[in-house]
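Got the viewer open? Let's take a short walk through this one, one selection at a time.

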Amino acid sequence: MNKRLLNAKMEQKFSIAFIAVVVGFILVAGIGLLNMYMLAKSGGFSLFWPFYRLFGLLLLVITVVFNLCMIKVVCKSLSMSLVVPITEIREAVAKLKKGDFDIHITYAGQDELGELAADMNEACAHMRTVI
């Protein structure tokens with residue numbers, strides 16, 4: 001069950017990234033169509049053709065920046081969803097290695113890292129009672 005839940009969360013994050021990339025490609029295609037429309041409307045090359053090209057280039061740059069920002073946001077959320085619990089578990093293991101059995105990992109996710117955190121909390125509680 002937990003593997004399915006983890007896979008569902010990862011699939012949700014990857015689907016958000018996919019949607020962001022698809023929106024970016026739609027915007028790029030829209031820019032191309034807009035440029036073609038403006039060229040056809042102007043009757044080919046005209047006095048305003050450089051401005052149409054500049055406008056299309058500006059829209060392309062805006063689209064690329066939008067895509068890069070979306071990719072950064074998605075990658076940041078993916079990495080933070082893994083880095084934060086792993087860091088907390090590593091700190092708990094470091095305390096455990098020094099002999100401090102009074103640790104409690106607060107991460108309570110419903111994935112493999114959540115299971116590991118719960119098992120470590122349980123093991124430390126058992127060690128406290130034994131020692």
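Start by selecting Cys 124: with a relative accessibility of 1%, it falls under the 20% cut-off and so counts as buried. Keep in mind as you click around that you're looking at a predicted model.

Now pick the other cysteine on this tour, Cys 69. Is Cys 69 buried or partly exposed? Its relative accessibility comes to 43%, so Cys 69 counts as partly exposed. If you were planning to hunt for disulfides, the structure holds 0 of them.

Next, select residues 112-130, which make up helix H3. The helix has 19 residues, and from first C-alpha to last it reaches 27 Å, close to the 27 Å expected at 1.5 Å a residue.

Stay on H3 and color its buried residues: Leu 113, Gly 114, Ala 117, Met 120, Asn 121 and Cys 124. Why do they sit on the same side of H3? Because they cover an arc of only 125 degrees around the axis. Then flip the view to the other side of H3, where Glu 122, His 126, Thr 129 and Val 130 are exposed.

Last stop: zoom in on Asn 121, also in helix H3. Asn 121 has a relative accessibility of 14%, so this residue counts as buried. Which residues is Asn 121 in contact with, leaving aside neighbours within four places in sequence? Select Ile 103, His 104 and Ile 105 to see those partners, and show the side chains while you're there.

Notes. Residues numbered from 1 in each chain as written. Predicted model: local features only at pLDDT ≥ 70, side-chain atom pairs only at ≥ 80, totals over all residues. Heavy atoms only, no water. Helix = DSSP H or I, 4+ residues; strand = E, 2+ residues; numbered from the N terminus. Expected span 1.5 Å × (residues − 1). Buried < 20%, exposed > 50% of the residue type's maximum accessible area, 1.4 Å probe, protein only. Arc of directions from axis to C-beta. Contact = heavy atoms within 4.5 Å. Disulfide = S-S within 2.5 Å.
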